[in-house]
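Reader: I would like a close look at one helix residue and the strands around that part of the chain. Please start with the residue and work outwards, without skipping the dull parts.

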Amino acid sequence: MKNTVLTLQQRKQKQQKITMLTAYDYTTAKLMDQTGIDCILVGDSLGMVMLGYEDTVSVTMEDMIHHSKAVARAVKSALVITDLPFMSYHASVYDAVRNAGRLVQEGQAQVVKLEGGRAFCEHIKMITQASIPVIAHIGLMPQSIKTLGNYKVQGKAYQQAKDIILDALAVEQAGAVAILLECVPAALAKLISELVNIPTIGIGAGVGCDGQVLVFQDMLGMYDGICSKFTKTFAPIGQQMKQAFTEYCQEVAQAQFPAPEHEFSIDETIIHTLMD
Ligand code: KIV
Ligand code: NA
């Protein structure tokens, strides 16, 4: 059965943790979906881990739609959430609604996510009014890297912590179906999770959130760009991939691959006739 926004709400009510990972392609999303994961996020982190950009600000609507469609085709049960990329919703509420609509119609997303708190409540309200569920991403907002200067924990000082709480309360009021909390102190994330009635999904926000998300290349040790304290390598797949590539090259170089069992045969007499 396909998960919906109701699944998120029910998880919070039953105090069952929500599981989420990012995926950007058909093969990975299919493997993930088969494990019974609750949600798959087509994050704009694809700019870095899939496309090799330095940050997420170069990611376009076309990039998001392309990867979202691939994920949606693979998924039978997980809730598919797709990020609105930088500049697809900043200039106007109109842009926000149109582009959220494109992620649903062309990208087959069930839910969209945008970065912003109080400043984006009108956007959240109008996207929701267009019958598209929205997740608000607050705390560390990577699309703001140019004004932030670096990726660091948000809300350690009193005023900053208070601002994040006010953002959380405001986006709930605006109709967000969940809140993504990135890189905030664990105790602050726990407090916010208790203050709001919608689920919180954390990344670098401690165990007190209603759910967790990680970037799949990070949790498999495949990406050596920015490495954060908050990720955990669940399996050293990056290392295993490198080893497999190395072995392949060696076997090809030494003519050990392909072996007879990998070859197709033909009647010898045909070859002899061809040689005449
Ligand atoms: O783009 C992304 O992968 C995200 C997660 C870090 C939450 O927004
Ligand atoms: Na993102």
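**Valine 49 and the strands of domain 1**

Author: Valine 49 is found in helix H3, which covers residues 46–49. The model is a predicted one. Valine 49 counts as partly exposed because 18 other C-beta atoms lie within 10 Å, a count between the limits of 12 or fewer for exposed and 20 or more for buried. Its C-alpha atom is separated by 9.2 Å from that of phenylalanine 216, although the two residues are 167 apart along the chain. Valine 49 and phenylalanine 216 both fall in domain 1, assigned to residues 5–235.

Ahead of H3 in the sequence comes strand S2, residues 39–42, which is covered on both faces. Cys39 and Leu41 are buried on one side of S2, and Ile40 and Val42 are buried on the other. S2 has a parallel partner in strand S1 (residues 18–22), with 3 bridges between them. In this pairing, threonine 22 is opposite leucine 41. The connection from S1 to S2 passes through helix H2 (residues 26–33), and the three elements form a right-handed β-α-β unit. S2 also pairs with strand S3 (residues 79–83), again in parallel, over 4 bridges. There, isoleucine 40 of S2 has valine 80 of S3 as its bridge partner.

The next group of strands comes later in the chain. Strand S7, residues 200–203, turns Thr200 and Gly202 one way and Ile201 and Ile203 the other, and all four side positions are buried. S7 is joined in parallel to strand S6 (residues 178–182) by 4 bridges, with glutamate 182 matched to isoleucine 203. Helix H9 (residues 186–195) completes a right-handed β-α-β unit with S6 and S7. On to strand S8 (residues 211–214), S7 contributes 2 bridges, and these two strands also run parallel. Glycine 202 of S7 is placed opposite glutamine 212 of S8.

Both groups of strands supply residues to the surroundings of ligand 1. Thr22 and Leu41, which face each other across S1 and S2, are both among the residues around ligand 1. Glu182 and Ile203, the bridge partners of S6 and S7, are also in that shell. Asp83 of S3 and Val213 of S8 belong to it too. The remaining residues of the shell are Gly43, Asp44, Ser45, His137, Leu180 and Val215. By type, the shell divides into 5 nonpolar, 4 polar and 3 charged residues.

As for the wider setting, the chain has 12 helices and 8 strands, and 41% of its 276 residues count as buried. Beyond domain 1, the assignment gives a domain 2 at residues 240–275. The C-alpha centres of the two domains are 45 Å apart. Taken along the principal axes, the C-alpha atoms of the chain fill a box of roughly 85 × 40 × 35 Å. On confidence, the average pLDDT of the chain is 97, and 99% of the residues score at least 70. The model as a whole has an ipTM of 0.99 and a pTM of 0.97.

Definitions and conventions: Residues numbered from 1 in each chain as written. Chains lettered and ligands numbered in written order. Predicted model: local features only at pLDDT ≥ 70, side-chain atom pairs only at ≥ 80, totals over all residues. Domains from an automatic or database assignment. Near = placed C-beta within 6 Å. Nonpolar A, V, L, I, M, F, W, Y, C, P; charged D, E, K, R; others polar. Pairing = 2+ DSSP bridges. Right-handed = clockwise from strand over helix to strand, strands pointing away. pLDDT = per-residue confidence, 0-100.
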